[in-house]
Amino acid sequence: MVKLRAMSQTVSPPVVPGQAAAGGTGTASPTFSPLYQQIKALIMQSLQSGEWKPGELIPSEVELAYRYKVSQGTVRKAIDELSADNLVVRRQGKGTFVATHHEARVQFRFLRLMPDAGEARQPDNHILEVKRLRSPAEVARVLDIKAGDSVVFIRRLQYFDAVPTILEEIWLPGAIFKGLTAERLAEYKGPMYGLFETEFGTPMIRASERLKAVSADELAVELLKVQSGAPLLSVERVAYTYGDRPVELRRALYVTTGHHYHNELI
């Protein structure tokens, strides 16, 4: 059994040089964590450790309440937040499952390019290049590894209705993605994040993106079949796994003729 306290332990963040904390003692004030947040953190630990794998049913709210010695309402609130974070999925009459990238709803969570008309759909993938490199300094900084460490570099072209639409460059930490080859990517028919989750134990749970308008360079002209200088949407994504660990840097160029970038702000 896991014994919980109603409050988390006191945390003392660094004091800015030349600036004392309240009271002039240099000691930070206590910070408190609601009980449901503690339960959420414990469930997250189980997800991260692999106790419950992607796609699997997790224990019921009643079972979790007994396990953690808290009320069912506290567990429900914790699971509500995990569901809002897309880490678990509730299914009416079946229970709560660990989210997986093999579900369509999760796949479209990370693919925001939508057709101007018609239903959203997955693109056709063409792997152009996969190689292992020593990490450039800027990539290492984003992935929180050392410059020169092994990384996997992937260049991919994605098509909608046989029209090249997305050109991507993907950087992955080599230590995590050992054995990832062009052949493996080509033969895998599901989403790339599904492959990362299933075979490398690395689910992508959140991402941060930066968007801007750019003009097509020579490589984009050649591969995306656009005019030189044509407007493109540039999207740089850093994807994170459990523990807020960055495990992917992705830079993509989108052709938005017939498509748009869709996001919902809640």
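This briefing describes the fold, salt bridges, helix packing and selected residues of one protein chain. The model is predicted, with an average pLDDT of 86. The protein comprises eight helices and ten strands, and 41% of its 266 residues are buried. A search of the whole structure finds 20 salt bridges, several of which are treated individually below.

**Confidence and overall organisation**

- A pLDDT of at least 70 is reached by 86% of the residues.
- Residues 1-28 are an exception to keep in mind, since pLDDT stays under 50 over this stretch. For residues 1-28 the model has 39 contacts beyond four places in sequence.
- Of the contacts between residues at least 6 apart in sequence, 58% join residues at least 24 apart.

**Salt bridge between Asp-85 and Lys-40**

- Asp-85 and Lys-40 form a salt bridge in which the closest N and O atoms are 2.9 Å apart.
- Asp-85 belongs to the loop between helix 3 (72-84) and strand 1 (88-91), while Lys-40 belongs to helix 1 (residues 35-49), so this pair ties together parts that are 45 residues apart in sequence.
- Lys-40 has a relative accessible area of 14% and is therefore buried, the cut-off being under 20%.
- Asp-85, at 33% relative accessibility, is partly exposed.

**Salt bridge between Glu-61 and Arg-90, and its network**

- A salt bridge joins the side chains of Glu-61 and Arg-90, with an N to O distance of 3.2 Å.
- Glu-61 lies in helix 2 (residues 61-68) and Arg-90 in strand 1, and the pair links distant parts of the chain, 29 residues apart.
- Glu-61 counts as buried at 16% relative accessibility, whereas Arg-90 counts as partly exposed at 35%.
- Both residues also belong to a network of salt bridges that links Glu-61, Arg-76, Asp-80 and Arg-90.

**Salt bridge between Glu-129 and Arg-155**

- The side chains of Glu-129 and Arg-155 are paired in a salt bridge at 2.8 Å, N to O.
- This pair links distant parts of the chain, with Glu-129 in strand 4 (residues 124-134) and Arg-155 in strand 5 (residues 150-160), 26 residues apart.
- Here the acidic residue, Glu-129, is partly exposed with a relative accessible area of 23%, and Arg-155 is buried at 18% relative accessibility.

**Packing of helix 1 against helix 2**

- The axes of helix 1 and helix 2 are 12 Å apart, and the two helices pack at an angle of about 105 degrees.
- Angles of 65 to 115 degrees count as roughly perpendicular, so helix 1 is roughly perpendicular to helix 2.
- Helix 1 contributes Ile-39, Leu-42, Ile-43 and Ser-46 to the contact, and helix 2 contributes Leu-64, Arg-67 and Tyr-68.
- By character, the residues of this contact comprise five nonpolar, one polar and one charged.
- Both helices also take part in the salt bridges above: helix 1 holds Lys-40, and helix 2 holds Glu-61.

**Surroundings of Leu-219**

- Leu-219 is located in helix 8 (residues 218-224) and is partly exposed, at 31% relative accessibility.
- Not counting residues up to four places away in sequence, Leu-219 touches Arg-155, Leu-167 and Glu-169. Of these, Arg-155 is the salt-bridge partner of Glu-129.
- Leu-219 and Leu-167 are 52 residues apart along the chain, and their C-alpha atoms are separated by 9.4 Å.

**Loop residues with positive phi**

- Asn-86 is not a glycine, yet its phi is positive, at about 65 degrees.
- The loop between helix 3 and strand 1 contains Asn-86, and this loop also holds Asp-85, the salt-bridge partner of Lys-40.
- Asn-86 counts as partly exposed at 23% relative accessibility.
- Ala-162, likewise not a glycine, has a positive phi of about 65 degrees.
- Ala-162 is placed in the loop between strand 5 and strand 6 (163-173).
- With a relative accessibility of 63%, Ala-162 counts as exposed.

Definitions and conventions:
Residues numbered from 1 in each chain as written. Predicted model: local features only at pLDDT ≥ 70, side-chain atom pairs only at ≥ 80, totals over all residues. Heavy atoms only, no water. Salt bridge = Lys/Arg side-chain N within 4 Å of Asp/Glu carboxyl O. Helix = DSSP H or I, 4+ residues; strand = E, 2+ residues; numbered from the N terminus. Buried < 20%, exposed > 50% of the residue type's maximum accessible area, 1.4 Å probe, protein only. Axes fitted to C-alpha atoms, helices over the stretch in contact; angles between N-to-C directions. Parallel < 35°, antiparallel > 145°, perpendicular 65-115°, else oblique. Contact = heavy atoms within 4.5 Å. Nonpolar A, V, L, I, M, F, W, Y, C, P; charged D, E, K, R; others polar. pLDDT = per-residue confidence, 0-100.
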